Every structure is written in structure tokens, then in C-alpha cells.
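Student: Please give me a close look at one loop of this model, with its backbone geometry and its exposure. I should then like the account to continue from there into the surroundings.

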Amino acid sequence: MRAVVQRVDGASVAVTEGAGAGTTGEIFGEGLCVLVGVTHDDTPAKAAQLARKLWTLRILEGEKSCSETNAPLLVISQFTLYGDARKGRRPTWNAAAPGPVAEPLVDEVVAQLRELGARVETGRFGASMRVSLTNQGPFTVLLEM
């Protein structure tokens, strides 16, 4: 699993097309916006490991974690994190897991975070979305599980 983690001062995600268009998740104040990508060999154990890391990662103001400050997280699936643009001008997505594999694992990250006590908002898997955020710092970290 791969995650791009941004320390934010507010963030939201909105579905832009079809039935149910509109804001699906929003956090206010300090928290984390997390884009999660899944590859073929990822497992529920890796999802749980990522959730624990996100919950305890000390990148908030004063080197604190979400677990210490009860800061919210906005978690959004992002298959393009496994895009490969090393050759040619068009990325390939071969390393990204297909939806039936990826969706339950992204859901597992969210479920594990909530089990740990986190307040979590989400996007909608597979939807066309707009993500808005105020990156605080700016502070961005790439995690690999």
C-alpha cells in the first residue's frame, strides 16, 4: 500500500458526476488528508498496519499525532499513486490493483482507523472527485507498507 499524507488545516472531497454528486467528506481544522493506493499483493494486514501508522504518525503541530490530538482524517482512494510514467509520455496503471481488490482494502484502512478511535471522512471509491485542502506547513509525507 502507498499513501500520500498531507497535514492540513481543513480538507474536503466532492463527487463531481452522477447521482449523489456533492461533498462526501469534509474535515475542519488540523488533521490529515490521506490518498491511498493499493497494489496487487496488498492484504488486510497491510491495511491495518497503514491505519496504525496514520493514527500515530507524529506530523501534526508540535510533533503530535492524530491519536494524541483527536485530529480527523480524510481518506481518499487514489489508484494513480501506482502510475508508472518512466517510459513514454503516458503512464501505465499495471501496478494498481483492480477495483474489486482495492476497494475492500481502502475500506479496511478506514475501518481500522475508526476502530482505533479516529474520526474519518472519505471520498467515494471509483468516482470522479475534487479534493480541496489547505496544506499546513506545507507538510507532505509518502508512506509505503
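Tutor: E63 is found in the loop between α1 and α2, the latter spanning residues 66-69. The model is a predicted one, and every value below is computed from it. E63 has a phi of about 55 degrees, which is positive although the residue is not a glycine. Most residues other than glycine have a negative phi. With regard to solvent, E63 counts as exposed because its relative accessibility is 58%, and the term applies over 50%.

A second residue with this kind of backbone angle is N70. N70 is placed in the loop between α2 and β3, and its phi, about 60 degrees, is likewise positive without the residue being a glycine. N70 is partly exposed, because its relative accessible area of 39% falls between the limits of 20% and 50%.

N70 leads to W55, since the contacts of W55 include N70. W55 lies in helix α1, which covers residues 44-56. With neighbours up to four places away in sequence set aside, W55 touches S65, C66, S67, N70, A71 and L73, and also L113, L116, G117 and A118. The approach to S65 can be stated as a distance: the C-alpha atoms of W55 and S65 are 6.6 Å apart, although 10 residues separate the two along the chain. W55 counts as buried because its relative accessibility is 10%, under the 20% limit.

Two of the residues that W55 touches, L113 and L116, have numbers that fall within α3, which runs from 99 to 116. Helix α3 in turn gives the most to the lining of the largest pocket, with 3 residues. That pocket has a volume of about 310 Å³. Its lining comprises 20 residues, and those closest to the centre are S77, Q78, F79, G126 and M129. Besides α3, the elements β2 (22-37), β3 (73-77) and β5 (129-144) each supply at least two residues to the lining. In composition, the lining has 13 nonpolar and 7 polar residues, and no charged ones.

M129, named among the residues closest to the pocket centre, is also a contact of V13. V13 is placed in strand β1. Its relative accessible area is 0%, and V13 is therefore buried. Leaving aside neighbours within four places in sequence, V13 is in contact with G22, T23, T24 and G25, with L74 and I76, with T122 and G123, and with M129, R130 and V131. The C-alpha atoms of V13 and L74 are 8.3 Å apart, while their positions lie 61 residues apart in sequence.

R7 is also found in strand β1, which covers residues 2-15. R7 is buried yet has no salt bridge: E61, the nearest side chain of opposite charge, is 4.4 Å away. This pair is not counted as a salt bridge because the nitrogen must come within 4 Å of the carboxyl oxygen. With neighbours up to four places away set aside, R7 touches E30, G31 and L32, then I59, L60 and E61, and finally T134, N135, Q136, G137 and F139.

Among these contacts of R7 is G137, which is joined to P138 by a cis peptide bond with omega about -5 degrees. P138 is in strand β5. Most peptide bonds are trans.

Strands β1 and β5 are also linked through side chains of opposite charge. R2 and E144 meet in a salt bridge, at 2.5 Å from N to O. This pair connects distant parts of the chain, with R2 in β1 and E144 in β5, 142 residues apart. R2 counts as partly exposed, at 21% relative accessibility, and E144 is likewise partly exposed, at 46%.

The structure holds 3 salt bridges. One of them joins D42 to K46, the closest N and O atoms being 3.6 Å apart. D42 counts as buried at 8% relative accessibility, whereas K46 is partly exposed, with a relative accessible area of 22%. Another joins R86 to D84, with 2.7 Å between the closest N and O atoms. R86 counts as exposed at 74% relative accessibility, and D84 as partly exposed at 27%.

Notes: Residues numbered from 1 in each chain as written. Predicted model: local features only at pLDDT ≥ 70, side-chain atom pairs only at ≥ 80, totals over all residues. Heavy atoms only, no water. Helix = DSSP H or I, 4+ residues; strand = E, 2+ residues; numbered from the N terminus. Buried < 20%, exposed > 50% of the residue type's maximum accessible area, 1.4 Å probe, protein only. Lys, Arg positive; Asp, Glu negative; His and termini not counted. Contact = heavy atoms within 4.5 Å. 1 Å grid on protein atoms, 1.4 Å probe; cavity = no way out; pocket = protein on both sides within 12 Å on 5 of 7 lines; lining within 4 Å. Points joined across faces, edges and corners; volume = space filled by probe spheres on them. Nonpolar A, V, L, I, M, F, W, Y, C, P; charged D, E, K, R; others polar.
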